[in-house]
Amino acid sequence: MLLWLLLLALGPAGVRPDWLSIDLQRYAYEGDSVVVRCSGEDNDKIRRLMYYKDGSRIATYSSASSYTISNARPSDSGSYYCKTDRQKFLFIDVTEESSSRQLTVQELFPAPSLTVSSLHPIEENSVSLSCDTRLPSDRSWTQLQYSLFRDGHTIKSQSSSEFWTLALRKEDSGNYWCEAMTASRSVSKRSRQSNIQVHRIPVSGALLETQPQGGQAVEGKMLVFVCSVAEGTGETMFSWHRADTGESLGSKSQRSRRSELEIPDVRESHAGGYYCTAENTHSPIRSEVLNVTVKIPASHPVLTISAPEAHAFIGDTVELHCEDKRAHPPVLYSFYHNNVSLGTISVPSGGRASFSLSLTREHFGNYSCEANNGLGAQRSEEVALNVTEPPPKTRLVNGAHRCEGRVEVEQAGRWGTVCDDGWDMKDVAVVCRELGCGAAKHTPAGMLYPPLAEETQPVFIQVALCNGTEEALAECEQVETFDCGHDEDAGAVCEDV
């Protein structure tokens with residue numbers, strides 16, 4: 001028995017070249033998953049399965065199993081085969097070997113090339129960059145994602161296109177490259193670097209303007225200084241200054257050829273010359289001086305009336321004066337009586353406006369004026385004017401009280417006497433009423449109230465033909481003097497009240 005076993009062990013191995021077979025595709029693309037599968041006539045008899053590439057063992061399994069190249073690379077190209085130890089008898093194993101299969105892993109796409117429209121662009125001008133590669137025709141459906149890098153930082157990443165348009169800044173200068181990658185990230189390749197140097201255009205042609213235009217500011221309103229440059233790229237520092245003192249009003253740094261500085265509440269002190277500067281390199285440039293004029297709107301017009309203590313008499317002529325001392329000319333002044341317009345007067349170069357009134361009883365009331373210089377109308381406070389009947393033009397002189405004495409009347413600023421021709425109680429009643437005295441009592445001769453009138457004092461009325469109901473002697477019919485002297489002057493006695 002032992003002899004039989006020894007002879008058996010030392011006998012022929014029984015190796016069969018077709019017992020173990022290998023299954024492997026001939027071609028693959030990088031990034032593919034490639035399966036190498038070896039199997040025997042009876043996989044249950046496989047005790048150990050070994051995979052080889054170009055003669056080197058790459059994997060060992062204790063039973064039948066496939067070998068997977070999960071992310072193929074060109075370096076995975078080569079000759080593949082496998083060996084197995086299989087059980088032939090109860091305690092006897094034999095080694096079987098498959099035939100060889102050649103695998104070729106092809107490049108999915110070449111490393112991309114970065115194409116730049118200009119390596120020395122002007123700042124803020126558009127630069128076109130493209131990341132160019134190609135896929136084989138049988139893999140044209142493969143989705144690639146493209147990324148753009150600058151000095152190690154991702155700038156852009158997109159899957160729909162390999163083309164970018166960028167407006168580069170000076171600080172965007174540096175080394176650029178791109179990367180193409182499959183959607184599964186199994187294959188990625190980078191281009192060579194391209195050095196891009198962005199050139200900045202120095203600022204020039206500084207100009208200072210205002211809003212409102214022409215340097216015309218209004219007190220209390222907003223004034224905007226606008227500093228601009230004709231040329232210049234990149235970050236620009238704008239500054240505003242007063243020309244007379246050099247005082248800085250403020251500064252702003254921004255990526256623009258235009259910047260604004262606001263003065264929210266203009267004052268009269270803001271009038272004067274201004275300039276601005278702009279700088280995006282080493283030397284600032286300066287604008288010409290712009291002169292700012294501050295217009296002062298109408299604010300506090302004052303109405304005055306020529307009548308003393310705002311009291312006048314019917315028949316008087318008074319003047320209304322309106323003036324706003326701070327309002328910027330020209331100024332249009334309007335006058336109102338009880339809010340009804342009386343008229344307007346334009347004052348082109350400053351000063352006050354005057355409006356004349358010949359008073360009647362209806363001119364009693366409140367007066368105001370309005371000043372308007374195109375920057376908003378303003379109304380003055382109201383001033384009350386008291387219009388009354390004129391003081392009596394008749395008086396009694398040299399009597400014991402104001403309601404007794406020689407009768408005198410006023411004409412054209414002169415006082416004269418009244419002749420006693422036809423002088424009666426009706427005439428005295430009118431005089432008493434005009435003077436605000438009591439009832440008429442007597443018609444004495446004027447000589448009873450010495451001293452007599454001066455020879456130079458005229459006699460104004462020869463005969464007064466009153467009917468006794470008139471309010472004043474001047475309302476009575478009269479006969480002018482023709483032959484009356486002061487020895488015939490009339491007198492009157494009224495009750496004193």
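Tyr-51 counts as buried, at 1% relative accessibility. The model it belongs to is predicted. This tyrosine sits in strand E4, residues 46-53. Its ring has a partner in Tyr-61, which lies in strand E5, residues 56-61. The two residues are 10 apart along the chain. Their ring centres are 5.8 Å apart and their planes stand at 85 degrees, so the pair is edge-to-face. An angle over 60 degrees is what that label requires. Tyr-61 has a relative accessible area of 25%, so the residue counts as partly exposed. The pair therefore joins a buried ring, that of Tyr-51, to a partly exposed one, that of Tyr-61.

A third ring joins in. Tyr-51, Tyr-61 and Tyr-67 make up one aromatic cluster. Over the whole structure, the search finds 6 aromatic pairs.

Rings also meet charges here. The ring of Tyr-52 has the charged end of Lys-83 over it, 5.4 Å from the centre. Tyr-275 has Arg-286 over its face, at 3.5 Å from the ring centre.

Now to Thr-236, in strand E21. Its relative accessible area is 1%, so Thr-236 is buried. Which residues does Thr-236 contact, leaving aside its neighbours within four places in sequence? They are Val-203, Lys-252, Ser-253, Gln-254, Ser-256, Ala-278, Glu-279 and Asn-280.

Strand E21 spans 236-242, and a loop connects it to strand E22, 248-254. Gly-246 lies in that loop. This glycine is partly exposed, because its relative accessibility is 39%, and the buried class needs a value under 20%. How far is Gly-246 from Tyr-61, C-alpha to C-alpha? The separation is 89 Å, for two residues 185 apart along the chain.

Next comes the backbone. Most residues other than glycine have a negative phi, and most peptide bonds are trans. Some sites in this model depart from that pattern. The bond joining Gln-211 and Pro-212 is cis, with omega about 5 degrees. Pro-212 is placed in the loop between strand E18 (207-211) and strand E19 (216-218). Another cis peptide bond runs from Pro-329 to Pro-330, with omega near -5 degrees. Pro-330 belongs to the loop between strand E29 (317-323) and strand E30 (331-337).

Phi gives two further sites. Ala-310 is not a glycine, yet its phi is positive, at about 50 degrees. Its loop runs between strand E27 (302-305) and strand E28 (311-313). Asn-339 has a positive phi too, near 65 degrees. This asparagine is in the loop between E30 and strand E31 (340-347). Are these two residues buried or exposed? Ala-310 has a relative accessible area of 18%, so it is buried. Asn-339 is exposed, because its relative accessible area is 52% and the cut-off for exposed is over 50%.

Further along the chain is the largest pocket. Rolling a probe the size of a water molecule over the atoms shows where empty space is left. About 210 Å³ of space lies in this pocket. What lines the largest pocket? The residues are Glu-389, Pro-390, Pro-391, Lys-393, Glu-434, Glu-471, Ala-472, Ala-474 and Glu-475. By type, the lining holds 5 charged and 4 nonpolar residues, and no polar ones.

Glu-480 is part of strand E41, residues 477-480. This glutamate is exposed, because its relative accessibility is 67%. Beyond its neighbours within four places in sequence, Glu-480 is in contact with Phe-460 and Gln-462. Between the C-alpha atoms of Glu-480 and Val-418 there are 9.9 Å, with their positions 62 residues apart along the chain.

The walk ends at Val-493, in strand E42, residues 491-494. Its relative accessible area is 10%, so Val-493 is buried. Its contacts outside the neighbours within four places in sequence are Cys-403, Glu-404, Val-428, Cys-432, Ala-439, Ala-440, Lys-441, His-442, Pro-444 and Tyr-449. Pro-444 is 49 residues away from Val-493 in sequence, and the C-alpha atoms of the two are 7.3 Å apart in space.

How values were computed. Residues numbered from 1 in each chain as written. Predicted model: local features only at pLDDT ≥ 70, side-chain atom pairs only at ≥ 80, totals over all residues. Heavy atoms only, no water. 1 Å grid on protein atoms, 1.4 Å probe; cavity = no way out; pocket = protein on both sides within 12 Å on 5 of 7 lines; lining within 4 Å. Points joined across faces, edges and corners; volume = space filled by probe spheres on them. Nonpolar A, V, L, I, M, F, W, Y, C, P; charged D, E, K, R; others polar. Phe/Tyr/Trp six-rings, centres within 6.5 Å; stacked < 30°, edge-to-face > 60°. Helix = DSSP H or I, 4+ residues; strand = E, 2+ residues; numbered from the N terminus. Buried < 20%, exposed > 50% of the residue type's maximum accessible area, 1.4 Å probe, protein only. Lys NZ or Arg CZ within 6 Å of the ring centre and 35° of its normal. Contact = heavy atoms within 4.5 Å.
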